[in-house]
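Student: Please take me through one part of this protein in close detail. I would like to look at its empty spaces, starting with the main pocket.

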Amino acid sequence: MYAIVDIETTGSYAANNGITELAIVLHDGNKIVDRFETLINPLSPIPHYVQVLTGIRPEMLEDAPVFSEVAGRVYEMLKEAIFVAHHVNFDYSFVKHQLECCGYELDTKKLCTVRLSRKVFPALPGYSLGKLCRELEIPIENRHRAGGDADATVILFEKILRADSQGAVQQMLHVKSREQYLPPNLPSEQIAALPYSAGVYYFHDQKGKVIYVGKAKNLKSRVTSHFSNNHTGLRKQEFLRNIYSVTWQECGTELMAFLFECIEIRRLWPAYNRSLKRFEQSYGLYIYEDQAGYLRLTIEKKKQNLRAYYSFNGLPEGWQVLRKLVNQFSLCPKLCFIQKGTDTCMGIKENNCRGACEFRETPADYNHRLLEAVQSLQEMLPSFMIRDRGRDSSEESCVLIENGKFYGMGWLNKEIQIRNLEDLKEQLTAYPENDYMRGLVYTYAEKWPDKKKVWEYGSMGVWE
């Protein structure tokens, strides 16, 4: 038994909107066997644009039943039937939500006449109900009313059943089929073609624009997980309606997928991505010259128009690095803003200040040593690469950290011999870095130390 359903609502998502009209037509595959249609009082305002679209005005619903009064009848008609609708997940989410509020648990198979029409009637100009009715010469009355749209969907469904020579209906109803959960406009063939490897995937809208970028250790599993629940929230419902295609790039390893996701989100700025869009290092190490001519080191929040000599994700990390430089190069703690509350720092135990705060050391001597300290900070930062699996057996993935910063990544022929940093950099694509990406690489290197090759500086550099 099929239950062809259409509803009118006060809004686009079930969690915060109500049903204003409901029509259910029970069909045994050959003929209509029962029908139920009613207006419903949603107990909430109806937006003006909905009134204009449907013609359902508030005064029409004053004497209409609330959903709880018809919930029993609705549940009895639906509980053992296959739920059929145009854009089925939309109608199903509203009806299921309303039934749950009344104590009924709906869990039925679903069929989407949008998806079925794409399979049975390929290459049509469009698959909205109105366009299908024009192309297939289906009469439709009371458009955008539950009864009129349900009657048109019944005729459409009957045409689908008669023309379904390839068994599309049965394939969609198969117990292992996930197609009934897919967005109505997303071709199932694209899901079937997804590999089981690590990579980055892109959801595109009707115009081909990327609206979401994600990473995956297993592309097929991760992409299908987006459709494994029928969340009733606005963002999820809009997201699903706007997905028209999916593309992907295999990356070889989860690390490459994570890094490439960061890069692509910053490049494409997809509408439905929230995280990683604005991630920046919080603090930086800055140098400025005071009125006496002494260079000063300070840790401050990142400044857009000033160069930071080093970046930190938090103040504790910044102060730890600065104290190490002060001790190692006998810098003045006061001029580095580590010591506060006294005029000078001379005579304090375990302090190596050479008198800059008392003007006993010239600015030229002090500044020379401070610049040496900053230079050492750059030189002591590690340079290493991570070589791991590639996208196929002929290549390896490679990520390069140069002087402590993420330089770039790419894929190398397995047989290539990397003799120096410059040779390697010519094989890779350089990308802007941030602290999050750098942290991903360092964490991966700690987890898989055998994949890390460190560049040792000297008269003849070597990968160790």
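Tutor: In this predicted model, 26 residues line the largest pocket. Nearest its centre lie Leu53, His87, Phe90, His144 and Arg241. Find those five, and you have found the middle of the pocket. The volume of this pocket is about 750 Å³.

Next, see which elements build the wall. Four of them each give at least two residues to the lining: β1 (2-9), α1 (48-54), α3 (88-101) and α10 (234-241). Now sort the lining by class. The largest pocket has 8 nonpolar, 11 polar and 7 charged lining residues.

Now turn to the enclosed spaces. The structure holds 4 cavities of 30 Å³ or more. The largest cavity has a volume of about 70 Å³. Its lining consists of His87, Val88, Asn89, Phe90, Pro184, Gln237, Leu240 and Arg241. Some of these names should ring a bell. His87, Phe90 and Arg241 line this cavity, and they are also among the residues nearest the centre of the largest pocket. The elements recur too. Both α3 and α10 supply at least two residues to the lining of the largest cavity, and each does so for the largest pocket. By class, the cavity lining has 4 nonpolar, 3 polar and 1 charged.

Compare that with another open space. The second largest pocket has a volume of about 300 Å³. Of its 14 lining residues, Glu254, Leu255, Tyr444, Lys447 and Trp448 are closest to the centre. Here α11 (254-268), β12 (384-389) and α15 (435-447) each provide at least two lining residues. The largest share is 4 residues, and it comes from α15. The lining of the second largest pocket splits into 6 nonpolar, 2 polar and 6 charged residues.

Finish with a place where two helices meet. Two packed helices are described by the angle between their axes and the distance between the axes. Take α4 (residues 113-120) and α6 (residues 146-163). Their axes come within 10 Å and cross at roughly 40°. The crossing of α4 and α6 is left-handed. Which residues of α4 and α6 meet? From α4 come Thr113, Leu116, Ser117 and Val120. From α6 come Thr153, Leu156, Phe157, Ile160 and Ala163. Sorted by class, this contact has 6 nonpolar residues, 3 polar ones and no charged ones.

Conventions:
Residues are numbered from 1 along each chain as its sequence is written. This is a predicted model: local features need pLDDT of at least 70, side-chain atom pairs count only at pLDDT 80 or more; totals for chains, interfaces and linings use all residues. Side-chain values use heavy atoms; hydrogens and water are left out. Axes are lines fitted to C-alpha atoms, for helices over the stretch in contact, and angles run from 0 to 180 degrees between N-to-C directions. A crossing is left-handed if the near helix is turned anticlockwise from the far one by less than a right angle, and right-handed if clockwise. Contact means heavy atoms within 4.5 Å. Ala, Val, Leu, Ile, Met, Phe, Trp, Tyr, Cys and Pro count as nonpolar, Asp, Glu, Lys and Arg as charged, and the others, Gly among them, as polar. On a 1 Å grid over the protein atoms alone, a cavity is a set of points where a 1.4 Å probe fits but cannot get out, and a pocket is an open set with protein on both sides within 12 Å along at least five of seven lines; lining residues have an atom within 4 Å of a point. Grid points are joined across faces, edges and corners, and a volume is the space filled by probe spheres set on the points.
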